[in-house]
Amino acid sequence: MEDSEGGKPRVKDYMTREVVTVSPDETVADVARRIAENEGHSGFPVCNGRYVQGIITARDLLLADDEDPIFTVMSEELIVAHPEMDITDAARVILRSGIQKLPVVDDAGHLVGIISNADVVRSQIERATPGKVDKLVQTLKNIHGVDMRKLRRTVSLSELIPTQGKVYTDELEGRVYELENGLAEPLVVIDNGGRRLLLADGHHRVKAAARLGIEEMDAYVIVLKEPVELGMAETARKGELENIDDITVVDYAHHPLIETTTRLQSDSR
């Protein structure tokens, strides 16, 4: 993703614009109730109108009395981001400060959004994945000499033909976490002129999605201008891989790297 001027991604490209806030005159009990009722919220910006006066977290409430007004217990030492800030700079601030979410304020000090560590991770994923796709496109062009184009769209898991027969339990758990927190990178699939799509990258992600009951996923689609004989399609045929249910989940102890390491350790004794 790039900003409206085609430059580097900025905070405004990834921030959440609809922000839940609290008033400085609300009580500790009021805000504690709102934290309990809003899943995923451990605190809120404190605003007088649109102007940000402070931040209140669950930790701030622990030793306060229920009747205390929020302005007496909120933190006024604010670390904020600007909407035009480079997303990489925002990432540095979040990493160094240990703060999970930064209020985003404009030049007048008005709250315009909030940027979280999850948003920053998502921004880095979205910048890395196109490079991976470009490398695959260039490899296919070099091998097959066929023109192609790439696009981004939502694909159904039922459309996909896997080209990898195994995934590993530990990595699968990581992909489940990423999907639950909106951090999963898009799939990479190939449209070779058939009714279905070859899954080139994202086998752990599709198995995680199936576990969570997700039926569609975001994907980069490489569309070949004319059908060619692809090695990965042959791999799918030989492995009798027809849908994602055919992908076997293997315990990490049987990962080739672990098996090799264990064998080397045994040989050295």
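How many residues lie between β8 and β9 in the hairpin that they form, and which glycine in the turn has a positive phi? Keep that question in mind while loading the model, which is a predicted one, and begin with the chain as a whole before turning to the hairpin.

**The whole chain**

Show the cartoon first: the protein chain has nine helices and 11 strands. If you colour its 269 residues by burial, 36% of them count as buried. Switching to a surface representation, you are looking at an accessible surface of about 15400 Å², of which 47% belongs to carbon and sulfur atoms. A contact map of the chain, restricted to pairs with a separation of 6 or more, would have 70% of its contacts between residues 24 or more positions apart.

**The β8–β9 hairpin and its neighbour**

Now select residues 187–191 for β8 and 197–201 for β9. The hairpin of these two strands has five residues between them, and the glycine in question is Gly193, whose phi is positive at about 85°. The strands pair in the antiparallel sense over three bridges, and if you label Ile190 you will find it standing opposite Leu198 in β9. Add residues 160–162, strand β6, which runs parallel to β9 and is joined to it by three bridges; here Pro162 has Leu199 in β9 as its bridge partner.

**The largest nonpolar core**

Stay in this region and display side chains. The largest nonpolar core has 20 residues, and those touching the most other members are Val155, Leu157, Leu160, Leu187, Val189, Val206 and Met217. At least two residues of this core come from each of α6 (169–180), β8, β9, α7 (203–212) and β10 (216–224), with β10 giving the largest share, four residues. Nonpolar side chains tend to be buried together in soluble globular proteins.

Centre the view on Val189 and select what surrounds it: beyond its neighbours within four places in sequence, Val189 is in contact with Leu160, Leu197, Leu198, Leu199, Ala200, Ala219, Tyr220, Val221 and Ile222. A second core of 14 residues, separate from the one just described, includes Tyr220, Ile222, Leu224 and Ala233.

**Helix α6 at Glu178**

Select Glu178, which is found in helix α6. Is Glu178 buried, partly exposed or exposed? Its relative accessible area is 21%, and because buried means under 20%, Glu178 counts as partly exposed. Setting aside residues within four places in sequence, Glu178 is in contact with Leu183 and Ala184. A distance monitor from its C-alpha to that of Ala118, 60 residues apart in sequence, should read 9.6 Å.

**The largest pocket**

Move on to the largest pocket, which holds about 780 Å³ of space. Of its 32 lining residues, Ser42, Gly43, Ile99, Gln100 and Lys101 lie nearest the centre, and these make a good selection for orienting the view. Then colour β1, β2, α3 (58–61), β3 (101–105), β4 (111–116) and α5 (117–144), each of which supplies at least two residues of the lining.

Two of these elements, β1 (residues 43–48) and β2 (residues 51–57), run antiparallel and are joined by six bridges. They form a hairpin with two residues between them, and Gly49 in the turn has a positive phi of about 70°. Label Asn48 to see its bridge partner in β2, Tyr51.

**Two residues of helix α5**

Ser123 and Val121 both belong in the next selection, since Ser123 is found in helix α5 and Val121 has its place there too. Ser123 is buried, with a relative accessible area of 0%, whereas Val121, at 37% relative accessibility, counts as partly exposed. Ser123 touches Tyr14 and Ile87, not counting residues up to four places away in sequence. Ile87 also serves as a reference point for distances: its C-alpha is separated from that of Ser123 by 7.6 Å and from that of Val121 by 10.0 Å.

**Last stop: Glu240**

Finish in the loop between α8 (231–238) and β11 (248–250), where Glu240 lies. The phi of Glu240 is near 55°, a positive value in a residue other than glycine. Shown against the surface, Glu240 is exposed, with a relative accessible area of 64%.

Note on methods
Residues are numbered from 1 along each chain as its sequence is written. This is a predicted model: local features need pLDDT of at least 70, side-chain atom pairs count only at pLDDT 80 or more; totals for chains, interfaces and linings use all residues. Side-chain values use heavy atoms; hydrogens and water are left out. Two strands pair if DSSP finds at least two bridges between them. A nonpolar core is a set of buried Ala, Val, Leu, Ile, Met, Phe, Trp, Tyr and Cys residues joined through side-chain atoms within 4.5 Å. Buried means under 20% relative accessible area, exposed over 50%, partly exposed in between (1.4 Å probe, protein chains only). Contact means heavy atoms within 4.5 Å. Accessible areas come from the Shrake-Rupley method with a 1.4 Å probe; for residues, only the protein chains shown count as cover. On a 1 Å grid over the protein atoms alone, a cavity is a set of points where a 1.4 Å probe fits but cannot get out, and a pocket is an open set with protein on both sides within 12 Å along at least five of seven lines; lining residues have an atom within 4 Å of a point. Grid points are joined across faces, edges and corners, and a volume is the space filled by probe spheres set on the points.
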